[in-house]
Amino acid sequence: MTDVAFVLGTRPEIIKLAPVVQACQRFEVDYTIIHTGQHYSDSLDSVFFDQLELPEPDYNLGVGSSSHGEQTGEMLIGIERALTETAPDVVLVQGDTNSVLAGAIAASKMDAELGHVEAGLRSFDRSMPEETNRVVSDHVSEYLFAPTEQSKTYLLDEGLSEHRITVTGNTVVDALLRNREIARQKSNVIADLGLEGTEFFVMTAHRQENVDDEARFRELLAGVERAAEAHDAEVIYPVHPRARDRLEAFGLDVPDRIRTIEPLEYLDFLRLSSMADLILTDSGGVQEEACILGVPCVTMRDNTERPETIDVGANRLSSCDPGQIVASATEMLLKGNDWENPFGDGDAAERILRALPLEIKSREVAQ
Ligand code: UD1
Ligand code: UDP
């Protein structure tokens with residue numbers, strides 16, 4: 001028996017659930033971590049457990065990489081077994097990956113309450129696997145932890161009842177506020193990459209719709225190169241393994257101004273991002289972090305499930321068209337960065353625990 005089972009499997013889930021795991025530790029809530037093994041390379045997995053001081057997962061299902069159906073199906077089998085053994089009162093999933101979908105479906109058919117952290121995000125683009133994962137997970141959850149009022153509105157529009165929804169802020173803020181100063185003090189990434197006193201952009205690109213499409217990936221790289229040239233900047237690109245695999249398979253040459261490096265640890269990535277003049281990305285979490293850090297962002301996608309970043313003026317959609325990437329980069333660089341962070345105050349994890357049907361033993365949270 002355990003109070004809370006966390007089902008997680010990828011880099012962003014580890015980062016964004018870390019504050020909730022740590023809140024469980026502070027408030028003496030019993031928990032179990034079930035890792036699906038969707039991410040297994042050290043650079044996407046164990047480095048984050050180490051750096052965020054998380055305990056080893058209680059289960060690692062070792063599911064690894066395969067097609068969507070095979071991967072999700074294997075997770076479903078393993079998660080159901082782990083939940084049967086641990087009998088949690090509550091299962092928590094975070095975000096929109098296949099691990100979230102499997103965790104949500106498994107939990108929804110068992111005697112446990114399901115909570116979805118980062119509920120109500122919508123790109124309204126069903127061609128993205130993440131959109132299906134979000135919609136299905138939200139509709140089978142008892143507890144919907146919406147990061148913003150906007151995400152709550154999307155849930156209400158789909159007929160989900162208000163009593164299930166709590167607006168908490170996004171736990172990405174909790175993680176960032178906890179680690180930004182530590183990153184400033186401990187990370188040597190700027191010196192290690194020889195970037196002191198230079199103008200540089202950070203880029204990430206790993207989404208299936210961008211990097212699995214050769215023409216689109218080629219355009220994206222050309223656009224970033226042209227934007228960097230226009231502003232005489234260097235670009236640092238920590239390459240996700242999916243993108244590395246596609247670069248090699250397509251035989252794509254990365255333009256000179258884009259320096260590819262291995263995926264970074266969280267503290268190094270935070271430090272690098274916080275010092276960048278501009279961030280170009282297709283990542284969900286990186287759009288949020290850029291906005292919170294006050295660094296202008298260009299999102300190389302046709303849509304975003306984080307419209308708040310655009311509404312406050314921190315982000316602009318460019319698609320993968322080179323001309324639009326250049327124009328968006330120039331516009332964002334000229335704009336200044338005095339927007340408000342729309343993702344909350346860094347107490348999202350605590351709000352999530354308070355909303356759950358748990359016996360909270362610590363006096364600190366009981367007040
Ligand atoms: C997944 C999520 C995506 C999220 C991303 C976070 C889904 C459908 N997609 O995408 O929403 O933004 O995680 O980073 O859940 N690979 C490795 N090592 C690993 C993991 C993957 O080398 O530890 C490589 C393999 O070649 C694999 C490919 O990356 O085939 C894709 O991995 P997969 O888990 O299917 O999706 P991600 O692209 O990581
Ligand atoms: N990140 C990291 N190192 C990197 C690139 C990203 O630590 O080299 C972190 C980043 O700080 C953010 C998260 O990974 O918190 C975003 O994950 P990702 O882009 O893989 O997934 P998405 O958010 O798009 O689902």
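User: Quick one to start: which residue has a polar backbone atom 2.7 Å from an oxygen atom of ligand 1?

Analyst: That's Tyr40. Bear in mind that this is a predicted model.

User: OK. Which side chains have an N or O atom at short range from an oxygen atom of ligand 1?

Analyst: His39 is one of them, with a side-chain N or O atom 2.7 Å from a ligand 1 oxygen. His206 also has a polar side-chain atom by a ligand 1 oxygen, at 2.8 Å.

User: And how much of ligand 1 does the protein bury?

Analyst: The protein buries 87% of the 750 Å² that ligand 1 exposes when taken alone.

User: Which residues come nearest to ligand 1?

Analyst: There are 17 residues around ligand 1, and the nearest are His39, Tyr40, Ser41, Glu130 and Arg242. By class, that shell has ten polar residues, four nonpolar and three charged.

User: What kind of space is ligand 1 in, and which elements give two or more residues to its shell?

Analyst: Ligand 1 takes up the largest pocket. Helix 3 (68-86) and helix 11 (241-250) are the elements that give two or more residues to the shell.

User: Which domains does the ligand 1 shell draw on?

Analyst: Domain 1 (4-170 + 344-355) and domain 2 (188-335), with at least three residues from each.

User: Switching to ligand 2. Which residues come nearest there?

Analyst: Arg11, Leu264, Ser283, Gly285 and Glu289 come nearest, out of 16 residues around ligand 2.

User: What does Arg11 do with ligand 2, contact-wise?

Analyst: A polar atom in the Arg11 side chain lies 2.9 Å from an oxygen atom of ligand 2.

User: Which residues use the backbone instead?

Analyst: Gly284 and Gly285. A backbone N or O atom of Gly284 is 2.9 Å from a ligand 2 oxygen, and for Gly285 a polar backbone atom sits 2.8 Å from a ligand 2 oxygen.

User: How much of ligand 2 gets buried?

Analyst: The protein buries 96% of the 540 Å² that ligand 2 exposes on its own.

User: Where does ligand 2 sit, and which helices supply at least two residues of its shell?

Analyst: Ligand 2 sits in the largest pocket. Helix 1 (11-26), helix 12 (266-275) and helix 13 (284-293) each supply at least two shell residues.

User: What's the class split around ligand 2?

Analyst: Eight nonpolar, four polar and four charged residues.

User: Last thing: why say that ligand 2 lies between the domains?

Analyst: Because domain 1 (4-170 + 344-355) and domain 2 (188-335) both give residues to the shell around ligand 2.

Definitions and conventions: Residues are numbered from 1 along each chain as its sequence is written. Chains are lettered from A and ligands numbered from 1 in the order in which they are written. This is a predicted model: local features need pLDDT of at least 70, side-chain atom pairs count only at pLDDT 80 or more; totals for chains, interfaces and linings use all residues. Side-chain values use heavy atoms; hydrogens and water are left out. A residue is near a molecule or strand if one of its heavy atoms lies within 4 Å of it. A polar contact is a pair of N or O atoms within 3.5 Å; within protein, one must be able to donate a hydrogen and the other to accept it, and residues adjacent in sequence count only if both atoms are side-chain atoms. Accessible areas come from the Shrake-Rupley method with a 1.4 Å probe; for residues, only the protein chains shown count as cover. On a 1 Å grid over the protein atoms alone, a cavity is a set of points where a 1.4 Å probe fits but cannot get out, and a pocket is an open set with protein on both sides within 12 Å along at least five of seven lines; lining residues have an atom within 4 Å of a point. A molecule sits in a cavity or pocket if more than half of its atoms lie within 2 Å of its grid points. Helices (H or I, at least four residues) and strands (E, at least two) are DSSP runs, numbered from the N terminus. Ala, Val, Leu, Ile, Met, Phe, Trp, Tyr, Cys and Pro count as nonpolar, Asp, Glu, Lys and Arg as charged, and the others, Gly among them, as polar. Domain bounds come from an automatic or database domain assignment.
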